[in-house]
Number of protein chains: 4
Amino acid sequence: MNTTTDFKRANAIAEQVKDFIRTEILPHEARARDCEHGPNEELLAQLRERARAAGVLTPHIPNEGGHLSHREIAIVLRAAGWSPLGMVVLNVAAPDEGNMHMLSRVATPAQQERFLAPLIEGRARSSFFMTEPAAEGGAGSDPGMMQTTATPAGKDWIINGRKAFITGASGASVGILMAKTEAGATMFLVDLPHAGVKLERALHTIDYTMPGGHWLVTLDDVRVPGDQVLGEVGQGFKYAQVRLGPARLTHCSRWLGACDRAHEIASEYTVRRAAFGKPLIEHEGVGFQLVDNLIDLKQSELITDWAAGVLDTGSLAIQETSMAKVAVADALFRVADRCVQVMGGTGITRDTLVEQVFREVRGFRIYDGPTEVHKFSLAKAIKRDVLSRMQS
Amino acid sequence: MNTTTDFKRANAIAEQVKDFIRTEILPHEARARDCEHGPNEELLAQLRERARAAGVLTPHIPNEGGHLSHREIAIVLRAAGWSPLGMVVLNVAAPDEGNMHMLSRVATPAQQERFLAPLIEGRARSSFFMTEPAAEGGAGSDPGMMQTTATPAGKDWIINGRKAFITGASGASVGILMAKTEAGATMFLVDLPHAGVKLERALHTIDYTMPGGHWLVTLDDVRVPGDQVLGEVGQGFKYAQVRLGPARLTHCSRWLGACDRAHEIASEYTVRRAAFGKPLIEHEGVGFQLVDNLIDLKQSELITDWAAGVLDTGSLAIQETSMAKVAVADALFRVADRCVQVMGGTGITRDTLVEQVFREVRGFRIYDGPTEVHKFSLAKAIKRDVLSRMQS
Amino acid sequence: MNTTTDFKRANAIAEQVKDFIRTEILPHEARARDCEHGPNEELLAQLRERARAAGVLTPHIPNEGGHLSHREIAIVLRAAGWSPLGMVVLNVAAPDEGNMHMLSRVATPAQQERFLAPLIEGRARSSFFMTEPAAEGGAGSDPGMMQTTATPAGKDWIINGRKAFITGASGASVGILMAKTEAGATMFLVDLPHAGVKLERALHTIDYTMPGGHWLVTLDDVRVPGDQVLGEVGQGFKYAQVRLGPARLTHCSRWLGACDRAHEIASEYTVRRAAFGKPLIEHEGVGFQLVDNLIDLKQSELITDWAAGVLDTGSLAIQETSMAKVAVADALFRVADRCVQVMGGTGITRDTLVEQVFREVRGFRIYDGPTEVHKFSLAKAIKRDVLSRMQS
Amino acid sequence: MNTTTDFKRANAIAEQVKDFIRTEILPHEARARDCEHGPNEELLAQLRERARAAGVLTPHIPNEGGHLSHREIAIVLRAAGWSPLGMVVLNVAAPDEGNMHMLSRVATPAQQERFLAPLIEGRARSSFFMTEPAAEGGAGSDPGMMQTTATPAGKDWIINGRKAFITGASGASVGILMAKTEAGATMFLVDLPHAGVKLERALHTIDYTMPGGHWLVTLDDVRVPGDQVLGEVGQGFKYAQVRLGPARLTHCSRWLGACDRAHEIASEYTVRRAAFGKPLIEHEGVGFQLVDNLIDLKQSELITDWAAGVLDTGSLAIQETSMAKVAVADALFRVADRCVQVMGGTGITRDTLVEQVFREVRGFRIYDGPTEVHKFSLAKAIKRDVLSRMQS
């Protein structure tokens with residue numbers, strides 16, 4: 001992982017990415033939009049081949065194992081996020097992107113060769129099995145409520161439980177799975193498909209273009225070999241922290257790209273479309289909303305870059321990425337909502353990408369921890385800071 | 001149309017309606033939710049038959065031609081709105097409900113017998129052809145931009161143009177159609193289906209449970225007999241005003257009912273589901289959002305009732321219904337958004353009605369005139385009031 | 001206390017009140033504005049004499065002991081609140097108005113004759129000693145933290161403690177004082193001035209026109225005769241509840257009147273003042289803010305009237321008045337803030353009443369319980385409702 | 001003016017400034033707070049002497065004529081702004097700070113020696129005569145409405161007109177004055193006091209601690225020598241632009257410092273003060289507000305630094321500083337408002353700096369152009385960008 005940022009390099013990659021999206025992705029975007037659970041596999045494979053040829057596949061990992069710095073990634077993913085289809089084609093979408101990051105940090109060389117390399121090469125997909133069904137009292141935002149268990153059985157482990165919102169579970173070749181052991185929460189690498197990993201049903205969610213969908217899964221005596229423990233037994237939460245901060249920020253960057261695009265589409269609409277004697281944008285009631293977008297987008301960029309810079313110092317940046325996630329998820333929802341609004345009736349039809357971005361971005365205030373959970377933790381941090389200041 | 005309100009009667013009808021929804025509609029709701037463009041026709045017909053038997057079909061028109069007062073309608077439609085499927089089954093959904101109201105006010109007895117009676121009896125559906133495609137510079141919020149024309153041809157009229165967002169165009173047996181004539185905007189009653197009325201495609205909109213979908217339509221030499229002019233030639237905008245105020249309020253009442261329900265679902269969720277050691281509702285970050293809902297819902301009810309009361313005095317209540325529409329559409333969107341948020345991941349899945357209500361309610365800030373257009377008119381009204389005060 | 005509402009009578013009184021304010025109060029308003037801690041006593045006495053002559057003094061209590069209904073009071077106080085100076089002159093300001101209400105409900109006939117009659121006649125002022133200094137851990141929003149004690153001493157009681165934010169303590173002839181006894185919180189009627197009631201200093205608050213100011217007070221062996229217990233010993237919190245609901249609503253109505261006025265001033269300003277080629281009000285960025293005011297003001301009126309109606313049924317209306325207080329305090333702050341904003345530089349000078357209203361209204365979100373405390377209680381109520389619904 | 005930023009140097013100066021404020025300023029702050037129109041002159045002179053001795057007077061201009069870079073200034077002024085009294089003592093307050101910047105950019109060496117040097121040395125004060133009375137149709141946010149005229153009279157100019165909100169007019173030794181000439185708007189350096197410059201009255205504004213107050217001024221045949229034209233005749237608006245961007249940002253930085261402080265005070269209050277069984281900060285309804293502050297403060301810092309960086313490239317940064325001004329003024333108002341709210345009754349008394357910061361910050365949304373005027377310009381910029389993109 002780079003810790004210093006080469007803006008020139010990052011901007012050059014971002015420019016390549018954006019060019020590719022403009023010329024190769026945009027023509028297919030409308031078609032992909034109508035498919036629930038991601039673009040169809042054939043189209044995806046075909047576009048991915050072109051991305052590979054153009055040298056923009058997995059653009060945040062220039063060569064095997066070596067990630068860009070977090071600030072560089074922010075720049076590149078913002079460009080890739082400009083098209084929801086683009087994110088998937090370029091292999092920078094969740095959960096693969098976050099999984100690649102964690103495997104590159106925690107997996108053994110042998111595990112990396114077997115599980116990470118195919119992901120980086122865009123030849124395989126992965127899944128992250130963490131969240132559990134709320135209706136059954138499972139772990140959601142509060143990881144302490146985890147119910148899935150892993151029990152040793154000789155050199156293997158036997159895993160039982162239920163998971164929910166498992167993005168991309170269908171079609172993935174590997175799952176990173178969190179379960180309780182006697183020594184504490186532990187992560188496992190599970191080969192997929194697997195007889196014991198039963199995909200019950202794909203949840204219909206308000207966002208629906210993640211490849212593979214979001215699944216409800218039953219884990220029924222899933223046997224995993226001992227050498228497929230990821231990191232050390234009992235250290236699952238620690239590794240989750242490693243994944244957490246960066247994953248929050250790449251979400252921010254991808255959706256920031258998408259909202260930049262929505263804002264561009266909406267702005268153009270308001271220049272072309274007139275009502276009551278002048279272009280919509282000349283109505284302050286419309287123009288001011290676009291100005292609010294401008295500010296929200298810029299501030300989203302700035303706070304993401306700031307938190308990425310803290311990550312690049314080697315810190316886990318738990319608070320900084322939490323602040324960024326809350327601020328950006330809220331800001332981008334406002335942006336997308338305003339884009340819909342200024343486009344009037346058109347804004348709520350799938351004729352425009354804006355409608356999709358609005359729906360997809362709604363999930364972001366909940367994914368990776370609802371706003372309220374982040375505020376809960378940040379308030380505790382403020383209290384700690386005050387107490388230590390008062391004691392000094 | 002009644003002008004005085006019998007609260008006892010209205011509440012009794014509302015109670016009947018709510019009972020019917022609880023026992024007959026709720027069991028079918030989840031199934032209906034997955035159908036884009038409304039529930040399937042068979043299910044709809046079957047449930048409507050039961051509504052007829054239960055005496056709750058078209059509950060706001062107790063007997064042919066005699067509407068409840070606007071305040072009474074508000075009470076009854078709030079109850080019916082409690083289920084989006086319920087609204088459709090009970091025959092109080094847009095655009096039929098608004099069309100029934102206008103026909104009862106403007107149509108001739110012969111027109112009423114032919115076009116209104118089947119609507120009231122729930123044996124037919126109707127459509128309202130007003131909005132035109134934005135991309136082609138047609139009339140949206142600014143009716144002055146209307147492009148569709150009607151030209152006299154003997155005793156008939158020939159209509160040409162394009163319309164968009166024509167809700168329920170597929171399946172309707174009559175369309176109320178607005179077009180320009182030399183004498184000004186004029187309304188026509190068009191028999192459907194009609195060779196000249198070409199349904200191009202149903203728009204995929206963020207809300208998608210209106211029966212018949214929202215259509216893009218080409219009007220290609222549509223011939224309409226002279227006795228199917230609705231009201232007088234050239235008075236189309238005047239009649240639109242008659243439809244406008246009440247239609248705004250029935251939208252408010254229906255969606256208020258739906259958001260009441262979403263709030264109830266979300267509240268129960270937060271009592272059952274726990275995190276960080278206590279039920280969600282005991283976290284102020286969650287509980288306060290529900291309190292905000294409580295206040296928004298109550299205020300939505302109060303301002304709707306107030307504007308309905310003004311309508312019941314015989315006024316067009318253009319400003320009052322505009323204020324109510326803006327306030328209620330904004331408030332209900334906040335309510336639905338908070339319901340989604342407090343339910344976390346569950347809130348963005350179609351497993352809960354809340355997700356649907358969130359999407360459907362998003363359209364309400366745009367349908368019947370975007371918030372900004374209403375504010376544009378209301379600001380002009382404030383200026384007029386100030387000027388007249390300053391001159392007195 | 002009336003429980004039915006005679007709108008005709010209430011509106012007639014309100015009209016009288018408004019006429020008086022227009023002709024007699026407005027000319028003195030600017031002068032009064034510059035006095036911290038209320039208008040000077042001489043001006044006040046003089047204007048009060050005129051109010052008495054005009055028959056509009058204490059307009060909500062038409063004849064001794066008989067209050068208007070809560071809905072009627074809402075109408076009358078809205079009119080009186082149109083001028084902050086007017087409220088004081090007409091004898092409907094806090095805390096006197098709330099104290100009059102409580103004394104008329106709880107005091108003995110002898111106490112009423114001695115303490116209430118002079119208040120109603122506008123010949124005396126009163127104070128309410130409840131809140132304690134936060135810095136010393138005293139009772140603020142959480143009454144359970146009360147530290148002031150009352151100990152029996154023969155037929156008398158001896159009171160010790162500290163109170164804060166005691167509005168009008170200087171100049172009052174009677175204080176209603178809450179203290180802990182062995183039997184629970186108890187209210188006392190204290191003759192003022194009193195050697196043991198030491199007015200330490202008047203707090204400089206952001207609002208500063210309440211007559212007598214807000215005082216920090218030390219209670220040092222304050223001896224009170226046994227027949228000056230208000231109601232029964234140990235029932236203090238119960239009586240506080242009696243005062244609470246109505247007091248919340250009269251605050252709402254008074255400040256609603258003031259904000260109506262601010263909105264009127266601001267609206268006229270935006271019609272007269274031009275920038276960038278047209279009157280400010282024709283800029284949507286300004287006009288839309290005035291529309292938001294219009295809606296906020298109307299909704300404040302509606303929810304106050306609704307809660308007043310519930311009080312008039314005989315209910316304590318704890319939840320309803322809490323909802324109204326939260327909604328109205330927030331809405332009126334937004335209204336005042338927008339009035340300031342649309343008036344630009346002028347809006348932040350004392351040349352306009354708007355600046356004063358903005359400052360005074362800021363306190364309202366805190367007085368009578370901060371918004372957060374009300375939401376805390378209302379969330380508990382939602383939980384109770386859900387549980388009882390789930391059990392039925 | 002430096003164009004590159006030495007973070008180490010800037011942080012060192014900021015640290016010195018903060019130390020000085022902690023040890024020398026804070027003890028006098030409460031006393032200064034009660035003086036309308038700034039601290040009394042004696043106290044000010046005395047503290048300024050100490051600042052000079054400590055080497056922190058005019059800390060953003062290390063040696064005559066050489067300003068720190070804009071990013072460095074942002075760091076230093078944030079530290080100075082931590083105390084409203086500190087800003088004034090350290091000689092970084094408006095309007096002097098902005099005037100120093102403009103004089104160093106536009107004035108001739110002779111003008112600099114005579115007018116700038118005493119300002120930098122903290123031996124004199126200055127004023128900026130731009131705004132005109134709104135009630136008389138003068139120039140406020142729209143500079144095109146300027147009414148003040150300058151007419152040549154031999155080698156001199158004669159100026160007539162009215163100005164309003166002239167901060168620090170009383171006590172200033174020089175005024176920079178904008179007036180219309182035949183060649184366009186022109187800036188003049190006026191010696192003060194001056195017989196023709198009549199200070200009519202100090203406006204009572206909601207913020208009241210600017211030294212010298214905000215004055216309404218009549219310019220009555222003010223004769224100014226030709227060599228006291230600032231820059232070239234007719235170029236007044238161009239120079240105003242030079243002052244504008246940096247002045248917006250120094251406002252942002254100063255008030256950010258003040259709000260940081262308010263947030264610190266409020267946070268400590270909520271840790272110490274308890275209600276309903278636990279410290280206020282542990283109530284999410286309070287803690288979440290502090291988290292919102294944390295995010296607003298960080299984003300205010302980031303966007304100010306970003307715009308300052310653009311200024312440091314040599315750009316006028318009109319749009320960037322406009323975006324920063326809008327975002328920061330709105331964010332800081334929210335911060336100050338929340339600080340007031342979480343402190344309950346205490347928050348609205350002058351016992352705490354928080355009350356002052358709330359009032360002072362309210363003006364910021366209006367000073368230097370109300371939010372709406374900035375949005376008006378930014379919306380035009382968006383339109384231009386869209387048009388140029390659509391044409392390319």
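**View 1. Where chain C meets chain D.** In this predicted model, chain C brings 48 residues to the contact and chain D brings 50 residues. Put the two together and about 3900 Å² gets buried between them, with 59% of it on carbon and sulfur atoms. On the chain C side, the residues that lose the most area to chain D are C:F276, C:Q341 and C:I348. Together those three make up 18% of what that side buries.

**View 2. A salt bridge across the C–D interface.** Here the side chain of C:R201 reaches the side chain of D:D351, and they meet in a salt bridge at 2.6 Å, N to O. How many salt bridges does the rule find across the interface of chain C and chain D? The count is six. Polar contacts show up here too: 24 residue pairs across this interface, both partners at pLDDT 80 or more.

**View 3. The pieces of chain C that touch chain D.** Zoom in on the chain C side and you can pick out the elements that each give two or more residues to it. The strands are β6 (197-203) and β9 (274-275) of chain C. The helices are α8 (284-311), α9 (318-342), α10 (353-364) and α11 (371-391) of chain C. Which of them gives the largest share of the side that touches chain D? That's α10(C), with five residues. As for chemistry, this side of chain C splits into 19 nonpolar, 17 polar and 12 charged residues.

**View 4. The axis relating chain C and chain D.** Give chain C a rotation of 180°, with 0.0 Å of shift along the axis, and it superposes on chain D with an RMSD of 0.0 Å. Look for C:R359 in this view: in chain C, its C-alpha is the one nearest the axis, 4.2 Å away. Both copies use the same surface here, and 100% of the contact residues of chain C recur in chain D.

**View 5. The axis relating chain B and chain C.** Now swap to the other pair: how does chain B lie on chain C? A turn of 180° and a shift of 0.0 Å along the axis do it, with an RMSD of 0.0 Å. That is how a two-fold axis relates its copies. The same surface serves both copies in this pair as well, since 100% of the contact residues of chain B recur in chain C.

Key:
Residues are numbered from 1 along each chain as its sequence is written. Chains are lettered from A and ligands numbered from 1 in the order in which they are written. This is a predicted model: local features need pLDDT of at least 70, side-chain atom pairs count only at pLDDT 80 or more; totals for chains, interfaces and linings use all residues. Side-chain values use heavy atoms; hydrogens and water are left out. Contact means heavy atoms within 4.5 Å. Buried area is the accessible area (1.4 Å probe) that two parts lose on being put together, summed over both. A salt bridge is a side-chain nitrogen of Lys or Arg within 4 Å of a carboxyl oxygen of Asp or Glu. A polar contact is a pair of N or O atoms within 3.5 Å; within protein, one must be able to donate a hydrogen and the other to accept it, and residues adjacent in sequence count only if both atoms are side-chain atoms. Helices (H or I, at least four residues) and strands (E, at least two) are DSSP runs, numbered from the N terminus. Ala, Val, Leu, Ile, Met, Phe, Trp, Tyr, Cys and Pro count as nonpolar, Asp, Glu, Lys and Arg as charged, and the others, Gly among them, as polar. Copies are superposed by least squares on the C-alpha atoms of residues with pLDDT of at least 70 in both.
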